[in-house]
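Notebook open, structure loaded. I'll jot down what I look up as I go, starting with the surface.

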Amino acid sequence: MRMLDGAARGLAAGFAGTVALTASQRIEMAVTGRPASDLPAQVASGVLGISPTGRQRELVATATHWFNNTSSGLSRAALGALGVHGAP
């Protein structure tokens, strides 16, 4: 049960971090005029063997961004379960 609690807290922390990261990126993009990064779509294309274009590529990039950053909380939770505390 402790492992599930840690995983849930890790996912929640990853989600909160992704919200903060996304908000700061959107503000920076609005200020600087920088377009959204295509890197998440490139990663998904390579890993999944897909070739999305246009709006689908934007959606794939967004989904990959949220999945990758939110799930990073699970990695941190796993380290905590192993007794690693503090900044890695």
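I looked up the surface first: the protein chain exposes about 6300 Å², and carbon and sulfur atoms supply 67% of that area. Accessible areas here come from the Shrake-Rupley method with a 1.4 Å probe, and for residues only the protein chains shown count as cover.

Ground rules before I go on. This is a predicted model, where local features need pLDDT of at least 70, side-chain atom pairs count only at pLDDT 80 or more, and totals for chains, interfaces and linings use all residues. I number residues from 1 along each chain as its sequence is written, and side-chain values use heavy atoms, with hydrogens and water left out.

**Overall build**

I went through the secondary structure next and found three helices and zero strands in the protein chain. Helices (H or I, at least four residues) and strands (E, at least two) are DSSP runs, numbered from the N terminus. Read from the N terminus on, the order is α-α-α. The radius of gyration of the protein chain is 16 Å, well over the 12 Å that the globule rule gives for 88 residues, so the chain is more spread out than a compact globule. For the record, that radius is taken over C-alpha atoms, and the globule rule is 2.2 Å times the number of residues to the power 0.38. I also noted the span of the C-alpha trace along its principal axes, about 45 × 35 × 20 Å.

How much of the protein chain is buried? Buried residues make up 20% of the 88. My cut-offs are under 20% relative accessible area for buried, over 50% for exposed, and partly exposed in between (1.4 Å probe, protein chains only).

Then contacts, meaning heavy atoms within 4.5 Å. Of those in the protein chain with a separation of 6 or more, 57% are between residues 24 or more positions apart.

Charges were a quick check: the mean positions of the 7 positive and 4 negative ones are 7 Å apart. Lys and Arg count as positive and Asp and Glu as negative, while His and the chain ends are not counted. I take each charge at NZ of Lys, CZ of Arg, CG of Asp or CD of Glu.

**Helix α2**

I spent some time on α2, residues 39-48, where Pro40, Ala41, Ala44 and Ser45 are buried. They cover an arc of only 135° around the axis, which puts them on the same side of α2. The arc is that of the directions from the helix axis to the C-beta atoms. An α-helix has 3.6 residues a turn, so residues three or four places apart point the same way.

What do the buried residues of α2 pack against? They pack against α3, residues 54-81. On the other side of α2, Gly46 and Val47 are exposed. Val47 has 66% relative accessibility, and its C-alpha is 30 Å from that of Asp5, 42 residues away in sequence. Gln42, also in α2, is partly exposed at 43%. Its C-alpha is 19 Å from that of Gln25, with the two positions 17 residues apart in numbering. After α2 comes Gly49, with a positive phi near 70°.

**Thr64 and Gly14**

I then picked Thr64 in α3. Thr64 is buried, with a relative accessible area of 19%. Leaving aside neighbours within four places in sequence, Thr64 is in contact with Pro40 and Ala44, two of the buried residues of α2. The C-alpha atoms of Thr64 and Leu39 are 9.5 Å apart.

Last entry: Gly14, which sits in α1, residues 2-32. Gly14 counts as buried at 7% relative accessibility. Neighbours within four places aside, Gly14 is in contact with Asn69, Thr70 and Gly73. Gly14 and Ser71 are 57 residues apart in sequence, but 6.1 Å apart in space, C-alpha to C-alpha.
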